[in-house]
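What follows is a guided reading of one protein model, taken part by part. Please keep the sequence and the structure in view while reading.

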Amino acid sequence: MSKRLTKKFEYGLNKNLIQNESSMPHISFQYHDQEVNSPLMGNHNLQNILACIAVAEYLKIPTASVVKGIESYTPINNRSQWVNTENGNKVLLDAYNANPSSVEAALESFKSVDGPTAVILGDMFELGEHEGVEHQSIYDTCKKYSFDTCFLVGKAFSKVKTSHNSSHENIQLFEEKGEVIEQLKNQAFHNTTILVKGSRGMKMEELLDYL
């Protein structure tokens with residue numbers, strides 16, 4: 001269908017719209033020789049920003065307005081939201097929703113965080129017959145990235161096939177969120193960067209009080 005279009009504007013990291021990009025711990029890049037900083041993180045959010053820039057370029061919006069628009073967006077409502085806790089932890093609260101691709105993208109970005117890390121993931125809902133395979137895949141990804149601590153929470157995650165390799169003992173499975181709360185009461189995190197993500201029905205933001 002795109003071949004029939006006459007008004008097209010292509011964008012991507014290979015199109016030189018931006019330079020010197022970095023996506024962790026937050027997104028920064030150069031755009032028309034201006035330094036741009038966004039509180040968002042991860043390559044998935046960088047691609048979203050690139051889409052906005054592509055529209056702005058096509059409409060010939062002034063550079064200053066584009067930069068102001070990008071930098072003025074502060075995530076709220078549990079969407080890629082950074083929260084600092086009293087224990088010195090920095091929590092990336094991304095608990096508005098979750099699906100296999102968004103969780104994989106978040107983990108891919110989070111693996112590059114410096115210092116102590118913890119990942120707390122809740123079940124992904126509405127996957128039907130693919131539920132088992134997709135939750136197993138996320139478990140395997142957590143093994144591959146070797147986060148310092150990883151809690152996987154929910155009925156689907158509690159059924160994944162685990163490895164008995166001692167190097168993966170940092171991954172713990174919980175069937176109920178209440179079990180994680182009890183764990184957090186006994187295993188407090190300090191000065192740790194923590195990713196919290198899960199489907200809306202899991203209400204993972206309720207764990208913030210214990211971080």
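Glu176 has a relative accessibility of 38%, so this residue counts as partly exposed in the predicted model. Its side chain meets that of Lys155 in a salt bridge, with 3.0 Å from N to O. Lys155 sits in the loop between strand E7 (149-153) and strand E8 (171-174), while Glu176 belongs to the loop between E8 and helix H5 (177-186), so the salt bridge ties together parts that are 21 residues apart in sequence. Lys155 is likewise partly exposed, because its relative accessibility is 46%. The pair does not stand by itself, since Lys155, Glu175 and Glu176 are linked in a network of salt bridges.

How many salt bridges does a search of the whole structure find? The search finds nine, and two further examples can be described here. Within helix H5, Lys185 and Glu182 lie three residues apart, about one turn of the helix, and they form a salt bridge in which the closest N and O atoms are 3.3 Å apart. Lys185, at 51% relative accessibility, counts as exposed, whereas Glu182, with a relative accessible area of 43%, is partly exposed; the two fall into separate classes because the limit for exposed is set at over 50%. The other example joins the side chains of Arg200 and Glu205, with 2.6 Å from N to O. Arg200 is partly exposed at 30% relative accessibility, and Glu205 is partly exposed at 21%. Such pairs fit a general pattern, in which side chains of opposite charge can pair when their charged atoms come close.

With these pairs in place, the view can widen to the whole chain. The protein contains five helices and nine strands, and from the N terminus on its elements follow the order β-β-β-α-α-β-β-α-β-α-β-β-α-β. Its C-alpha atoms fill a box of roughly 55 × 45 × 30 Å, taken along the principal axes. Of the 211 residues in the protein, 43% are buried. Among the contacts with a separation of 6 or more, 63% are made by residues 24 or more positions apart.

The interior comes next. In soluble globular proteins, nonpolar side chains tend to be buried together. The largest nonpolar core of this model has 24 residues, and those with the most contacts inside it are Leu107, Val119, Leu121, Ile138, Cys142, Leu152 and Leu195. Helix H3 (100-110), strand E6 (117-122), helix H4 (131-145) and strand E7 each supply at least two residues of this core. Apart from this core lies another one, of 18 residues, which includes Val91, Ala118, Phe151 and Ile181. Leu195 offers a way to follow the packing residue by residue: leaving aside residues up to four places away in sequence, Leu195 touches Leu92, Ala106, Leu107, Phe110, Ala118, Val119, Ile120 and Leu121.

Aromatic rings add another set of relations. A pair of aromatic rings is described by the distance of the centres and the angle of the planes. The structure holds four aromatic pairs, one of which is formed by Tyr145 and Phe147, an edge-to-face pair with 6.1 Å centre to centre and 75° between the planes. Tyr145 and Phe147 are both buried, and ring pairs link them with Phe110 into a cluster. In the pair of Phe151 and Phe189, the ring centres are 6.1 Å apart and the planes stand at 45°, so this pair is tilted. Phe151 lies in strand E7 and Phe189 in the loop between H5 and strand E9 (193-197), so the rings tie together parts that are 38 residues apart in sequence. Both Phe151 and Phe189 are buried.

Finally, the surface can be considered. The protein exposes about 11700 Å², of which carbon and sulfur atoms supply 47%. Phe9, Tyr11, Val55, Tyr58, Leu59 and Ile61 make a nonpolar surface patch of about 560 Å². One of these residues, Val55, has its place in helix H1 (residues 43-58), and Val55 counts as partly exposed because its relative accessibility is 49%.

Notes:
Residues are numbered from 1 along each chain as its sequence is written. This is a predicted model: local features need pLDDT of at least 70, side-chain atom pairs count only at pLDDT 80 or more; totals for chains, interfaces and linings use all residues. Side-chain values use heavy atoms; hydrogens and water are left out. A salt bridge is a side-chain nitrogen of Lys or Arg within 4 Å of a carboxyl oxygen of Asp or Glu. Helices (H or I, at least four residues) and strands (E, at least two) are DSSP runs, numbered from the N terminus. Buried means under 20% relative accessible area, exposed over 50%, partly exposed in between (1.4 Å probe, protein chains only). A nonpolar core is a set of buried Ala, Val, Leu, Ile, Met, Phe, Trp, Tyr and Cys residues joined through side-chain atoms within 4.5 Å. Contact means heavy atoms within 4.5 Å. Patches are made of residues with over 30% relative accessible area and no salt bridge: like charges are joined within 9 Å, nonpolar side chains (Val, Leu, Ile, Met, Phe, Trp, Tyr) within 5 Å. Accessible areas come from the Shrake-Rupley method with a 1.4 Å probe; for residues, only the protein chains shown count as cover. Rings of Phe, Tyr and Trp (its six-membered ring) pair if their centres lie within 6.5 Å; planes under 30 degrees apart count as stacked, over 60 as edge-to-face and the rest as tilted.
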